[in-house]
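Colleague: Pick one part of this and walk me through it closely, please. Burial, rings and pockets are what I'm after.

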Amino acid sequence: MNSKKVTKSIKMIILSLIAVTQIFPLYWLITFSLKSNAEIFGENVIGLPKVWRFVNYATALTDGGILRYFLNSVFYSAVTVAVVAVISAMAAYAIARMKWKLKDTAFGIFTVGIMIPSQAALLPLFQIMDKLGLKGGYLGLLIPYIAFGIPMSVMILTGFYKGIPKEMEEAAYMDGCGIFRCFLAIMLPMVRPAVATASIFTFLGTWNELMFANTLVDSADYRTLPVGIMSFAGQYSTDWGLIGAGMVIATLPTILIYFLLSNQVQESLVAGAVKG
């Protein structure tokens, strides 16, 4: 009994240290956003602010234009997640459950899409978007975001579709279901945890993306939140507390999305482990 208590205590200590290590950056970011430059670069680096500068948030939302950038990022992320989820769910179903000649080729193309680094596609994308007249607007970012989000989602969903017994579809067909009704009413609800997982990856990739947003968007009206925060850095002086406030505002949606969909992610991981 004593050895079990010691083992349990050691595990609790280790898990507590891991938790503190994970939570500390968030604590540091929040306190960072409420300090002045003098405190940030002075002796009070990780302590609580001596003067709580909530004005940093007010300035970021009003004078800094963070609210506009925030709404732009919400729009880009929401549209990208929705379109990628719909296209990926249908494409993965066709690859995993339907019989057609080029399905292996199609799956190979999606696999290659994961292997191509986004940096290598930046210059061709810039030239294509410029010639099509799409650079600088919403479509100029949405198209690359959707294109780079689909391959990973297809890979995730294809594995889950293959793990579903074919008897489920056969029973549905015997009851008179067509292929579209079977997909919508039978298959799609069963892979909902996988769709949630893929959607989280897509959202994070879109929300935090900087390279495309900084290259393909010229006007401040279409800037995303990461680009907007980067613009706070001045040539001669920088208000780091203001940047910290913008980073906190940018972090909150990702935390919220995780809490809302964490159960779905855990279900998908457990289901994937059982199927594997």
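Modeller: Let's take H10, where the buried residues are Pro-193, Ala-194, Val-195, Ala-196, Thr-197, Ala-198, Ser-199, Ile-200, Thr-202, Phe-203, Thr-206 and Trp-207. Before going on: this is a predicted model, with pLDDT of at least 70 needed for local features and 80 or more for side-chain atom pairs, while totals for chains, interfaces and linings use all residues. Numbering runs from 1 along each chain as its sequence is written, and side-chain values use heavy atoms, without hydrogens or water.

Back to H10: twelve of its 16 residues are buried, so the rest of the structure largely encloses it. (Buried is under 20% relative accessible area, exposed over 50%, partly exposed in between, with a 1.4 Å probe and protein chains only; helices are DSSP runs of H or I, at least four residues, numbered from the N terminus.) The length of H10 fits too, because 16 residues at 1.5 Å each should span 22 Å and the end C-alpha atoms are 22 Å apart. (The expected span is 1.5 Å times one less than the number of residues.)

Now the rings. The whole structure has 14 aromatic pairs, meaning Phe, Tyr or Trp (six-membered) ring centres within 6.5 Å, with planes under 30 degrees apart stacked, over 60 edge-to-face and the rest tilted. A handy one to hold beside H10 is Trp-28 with Phe-32: their centres are 4.9 Å apart and their planes at 35°, so that pair is tilted. Both sit in helix H1 (residues 2-33), four residues apart, or about one turn. Trp-28 is partly exposed at 33% relative accessible area, whereas Phe-32 is buried at 10%. H10's own pair, Phe-203 and Trp-207, is stacked, at 5.5 Å centre to centre with 25° between the planes. These two are also four residues apart, about one helical turn, within H10 (residues 192-207). An α-helix has 3.6 residues a turn, so residues three or four places apart point the same way. Phe-203 is buried at 10% relative accessibility, and Trp-207 is buried at 3%. Away from that pair, Phe-75, Tyr-76, Tyr-138, Tyr-145 and Tyr-222 make up one aromatic cluster.

That cluster's Tyr-145 turns up again at the largest pocket: along with Phe-148, Gly-149, Phe-201 and Gly-205, it lies nearest the centre among the 20 lining residues. H10 is one of the helices giving at least two residues to this lining, alongside helix H5 (103-115), helix H6 (118-132), helix H7 (138-162) and helix H11 (211-216). (A pocket is an open set of 1 Å grid points over the protein atoms alone where a 1.4 Å probe fits, with protein on both sides within 12 Å along at least five of seven lines; lining residues have an atom within 4 Å of a point.) The space inside is about 400 Å³. H7 gives the largest share of the lining, six residues. By class, the lining comes to eleven nonpolar, eight polar and one charged; here Ala, Val, Leu, Ile, Met, Phe, Trp, Tyr, Cys and Pro are nonpolar, Asp, Glu, Lys and Arg charged, and the others, Gly included, polar.

For contrast, look at the second largest pocket, about 240 Å³ in volume. It is lined by 13 residues, with Ala-89, Met-90, Phe-180, Phe-183 and Leu-184 closest to its centre. Here 13 lining residues are nonpolar, with no polar and no charged ones. Helix H4 (66-97) and helix H9 (179-190) each supply at least two of them, and H4 has the largest share, six residues.

Methods. Grid points are joined across faces, edges and corners, and a volume is the space filled by probe spheres set on the points.
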